[in-house]
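Hi there,

Here is the structure I promised to pass on to you. Have a look at it first, and then read my notes below.

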Amino acid sequence: MSDDNIIHFNPWNDFNDAAPLDDPFGVEPDTAQIATFLDVVFGYCEGLIPVRGFVDKGQGKDSKPHNIWIDADDTAPEKLATFANWAAREGAAVYVIPGTVAEPGQAKSADVLQMQAIIVDLDTGDIPAKLDHLVRHLGQPTLIIESGGRTSDGATKLHVWWKLTEPAEGEDLARLCALRGEIAIKVGGDTHFRSAHQPIRVAGSVYHKGGFQRLVQIREHNAVEVDLDDFAELVAEMPAIPRVGMEPTPETPDKPALGSVLTNPVHEGGTDGWTRFEGASAAIGHFIRMVHEGRMSPDEGWEAICGYNAAMLRPSWPEGRLKAEADRLWAKHVEKNGPPLLRTNSANTPPEMSAFTLGELLDDTTAMPEDIIAPRVLTPGGLLVVGGAPKVGKSDFLISWLVHMAAGVPFLGFTPPRPLRVFYLQAEIQYHYLRERLKQIALPPEVIAAARDTFVATPKLKLLLDEQGSAIAAAAVNEAFPDDPVDILCIDPIRNVFDGGPDGGGENDNGAMMFFLRDRVEVLREAINPDCGVILVHHTKKLGKHQVKEDPFLALSGASSLRGFYTSGIIMHRPDEEASERKLEIELRNGPALPSKLIDKVKGQWVELNPMNERLVRKDVGARHDAERVRKGDVIVQMIAEQAARGKMFTMTQFAEAFENKAGLGGKTVIRDRLNVLATKGYLKFVRQDAVKGLGLAADRSKYGYLCVEDMALKTGADTVDPQTGEVTEQAVPVLPSHYKCPQTGAVLPVENPDIWVYPTEAE
């Protein structure tokens, strides 16, 4: 028989040709992959990493989530590996929120401060085709991670990461999340990642779902970093995958278009561009807004919701679930926007425009209106913007200032004409912490007594200053001051209540900022008192010292239209980050320029410092020299005391010669100069010839005598026996000064009471 007729086979393949199963034993976390993952996702971030441990479904186990927060530093890989080993034993999955927060316990979207990587979760459909599309249009990713899950077709689910060149924060953080949502919509990924707090599995941890154990492993790691602006351009140019993704609308770039939601069916399992839950939520939210604005009756709105459910959800939701979701969204909408409004169709009559001739303006000799806060810092109908970096002390300073204005008391040169009615509308501090802060601020008792009823503050607001929010705020202000109109309305900060109008623009959009100032702030002012002054508190961005010196108001965050709108501005900043002093830069439109103010907190109260005491040039060098002089003085005082404990005392000349070029003190002339300064300031005094006899030292003919410091004791060489214990110790006698150097004249004068060490007032 020839070889061509011989059939070779493996008998096992006759009946066991199924794909091999995952080994449910022996899967352990990979510490190297955990370290790589942390470097990509958190390597440049500062703060705390929120870590989550959830028991994976399908194991028959039930356990509460375990949450920890670890520092984003070099210790993070070891800590996270320890947590992953515990989770592997307990059947728990390890997740992180891919951004850092400031405090333990924080994990909401608003708590996330920094992110440095963009994630796309591919968990449905043709995952290899989606990955190819991403690589083709967005470039090679930094990480491709096999998350451990499988699709219904057996494809491996993937997490695709791009590392940024630097952490995103503030407005860039919002852009990053919007990009995650836009990419997910275009390629059919998980759109939940448009939220900053969406957790993600950790590479190197163990996947346990359905009773299978798999390593969440890195398939590919590339040394790739991308710039956020450049990457955003690539995302904008990337087309949607045909019949899989969809193009986001300009109005809502990270959400499905409302028109598509209302006209396209959505099937169970997320096989379309969005899930049934996302489709139902979008449709219900649309009809709720229609009812809230009075464009539909409640019955018409419910009928429309039921119609969408029947026509577009495949299969439809049960009516009970639909009703529960509608009630939840309605309650949330009312909480955010207030009760429904009955709107009228009558158009408002446009106001008349005033105009005056040159002669009328020159002939008008009436008195100028009285400043709300002099000199011209806040004028009637004026707008003051107070800016500063986070944690610079804006709110503490502002509360002290406003309370003084409410009491009618001048504050740091800012003067009210009388006790003012102040409404502090703030959106950062909750009630209990607001009252705690007010109690911690050191205010004079007479100021507190005068401002008890004229200063009104809100706890943390939970609304935007949109049309409904402005109406609520106006009602609150008028209720707080029912008899006389408010004098000052302060909004702190505008970022938390900002409404950019129907186009939904942010603070960097000039049109959105003008809409907020004109259609929200000015309308609110008209509703409470057209002549009241408005103070807006705003954050600043980081600028170099040279930029701050040239034009500090460029540091104001947001659109440039803000600066063109206000009548006065104040920027609060630290000239030296290592010092406690703050500087107020002041810009006025309705008056002459005011010099900047140097302020600080002394015994809990804000005070103005003399700018003549501030160094103008080479501040860092001067500070180092100051510190070196202080160090030498401390070393000299300590050495004099130590030498006395060894039985040695020195005159000024002897000390300078004996310790020249020791302990970093320099030459004898430098040491002699430091000794003279210390003597003038009262840190050194002297023991003259009469007192020397009692100490067993030779008499000295020097002008001053032997050097003496406070609490100094001299070793005499004699022994002392304790009468009770018999213990023998070396005898040391206290050294008390007999003379001191007069700080005014430099004369050597006798000490009145040697037992009391007296310092000059300046030294104290």
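Let's begin with a sheet: nine strands form an open sheet, in the order 16-15-17-18-14-19-20-21-22, with mixed pairing. Its edges are strand 16 (455–457) and strand 22 (605–608), each of which pairs on one side only. From one strand to the next, the twist averages 20°. Please keep in mind that this is a predicted model.

At one of those edges, strand 16 pairs with strand 15 (residues 422–426) in the parallel sense, over three bridges. One pair to look up is Phe423, whose bridge partner in strand 16 is Val456. Helix 15 (residues 510–528) packs on the sheet and touches strand 14 (383–388), strand 17 (488–492) and strand 18 (533–539). The direction of helix 15 makes about 145° with that of strand 18.

Next, try helix 9 (residues 319–337). With 19 residues at 1.5 Å a residue, helix 9 should span 27 Å, and its end C-alpha atoms are 26 Å apart, which agrees. Which residues of helix 9 are buried? They are Leu322, Glu325, Ala326, Leu329, His333 and Asn337. Seen down the helix axis, these buried residues fall within an arc of 100°, so they line one face of helix 9. This fits a general rule: an α-helix has 3.6 residues a turn, so residues three or four places apart point the same way. The face turned away from the buried side carries the exposed residues Gly320, Lys332 and Glu335.

As for the whole chain, its secondary structure comes to 21 helices and 28 strands, and 43% of its 764 residues count as buried.

Happy exploring!

How values were computed
Residues numbered from 1 in each chain as written. Predicted model: local features only at pLDDT ≥ 70, side-chain atom pairs only at ≥ 80, totals over all residues. Heavy atoms only, no water. Helix = DSSP H or I, 4+ residues; strand = E, 2+ residues; numbered from the N terminus. Buried < 20%, exposed > 50% of the residue type's maximum accessible area, 1.4 Å probe, protein only. Expected span 1.5 Å × (residues − 1). Arc of directions from axis to C-beta. Pairing = 2+ DSSP bridges. Axes fitted to C-alpha atoms, helices over the stretch in contact; angles between N-to-C directions. Contact = heavy atoms within 4.5 Å.
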